[in-house]
Amino acid sequence: NIFYVPEGYTVTRNIPVWNILEHGAEGSAQWVMNTWNDHIVSRYGMPEVSSPDQMTCPDGRPLDWNLYMDIVHPSGNASRTVPLLLVYGSASPRMTSFRPQATPGRLFRNIFPIGFLTSGYAFAIYDHCYNPLAKSDAWKHFKQYTLDDYNVLASSTAAMRYLRTHQKEYNLDGKIGVMGISKASASAMR
């Protein structure tokens, strides 16, 4: 990952904001288990599961049910607080949409974080409410990739509640704008 951090700013990474198992709507874990039994079992030859803790990543690590946030913000005791642009991520991992790559579409997207950061804003990016099986460090993207049908309101507003609760810690002034590309527009609308 590459983070462009203006002078006087720092980046706080991988902040766990919301957990699907703890806070997800009823049926969320069952839907993930159904996805495992319908997709992972037939495609990868894994055994069927009857409990969330039986599902793992391909390398045997437990699934990560957390949604995380990265924040680029003024560091230390800042002389002033700043507004924030919160981007609801539409890729896994979070910063993929803003990586400088050969494809012009992605390269041009870098104007969002750089433009806002150099104009006196803070910048945060928050995970899409992915099915934990579909994250890039798990079984990769496939048709049943999202849990938005169950959790878009709860997961997207959790990001806002976290930022409002911790605004002093990140030197934020309480003004928050939101953006979401493609599937992440559902979170931005909430």
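**Briefing: two asparagines, one core, and confidence**

Asn171 sits in the loop between α5 and β5, with helices (H or I, at least four residues) and strands (E, at least two) taken as DSSP runs numbered from the N terminus. This is a predicted model, where local features need pLDDT of at least 70 and side-chain atom pairs count only at pLDDT 80 or more, while totals for chains, interfaces and linings use all residues. Residues are numbered from 1 along each chain as its sequence is written, and side-chain values use heavy atoms, leaving out hydrogens and water.

**Positive phi**
- Asn171 isn't a glycine, yet its phi is positive, near 60 degrees.
- Asn171 is buried, at a relative accessible area of 10% (buried means under 20%, exposed over 50%, partly exposed in between, with a 1.4 Å probe and protein chains only).
- Asn14, in strand β1, also has a positive phi, of about 55 degrees.
- Asn14 is partly exposed, with a relative accessible area of 40%.

**Nonpolar core**
- The largest nonpolar core (buried Ala, Val, Leu, Ile, Met, Phe, Trp, Tyr and Cys residues joined through side-chain atoms within 4.5 Å) has 43 residues, and Met55, Met69, Leu86 and Tyr126 make the most contacts inside it.
- Elements that each supply at least two residues of this core include β1, α2 (28-44), β2 (66-74) and α5 (148-165).
- The largest share of this core, six residues, comes from β3.

**Confidence**
- Mean pLDDT (the predictor's confidence in each residue, from 0 to 100) is 84 for the protein, and 80% of its residues reach 70 or more.
- Confidence is highest in strand β1 (residues 9-19), at a mean of 95, and lowest in helix α3 (residues 104-109), at 56.
- Where pLDDT is low, the predicted coordinates shouldn't be read in detail.
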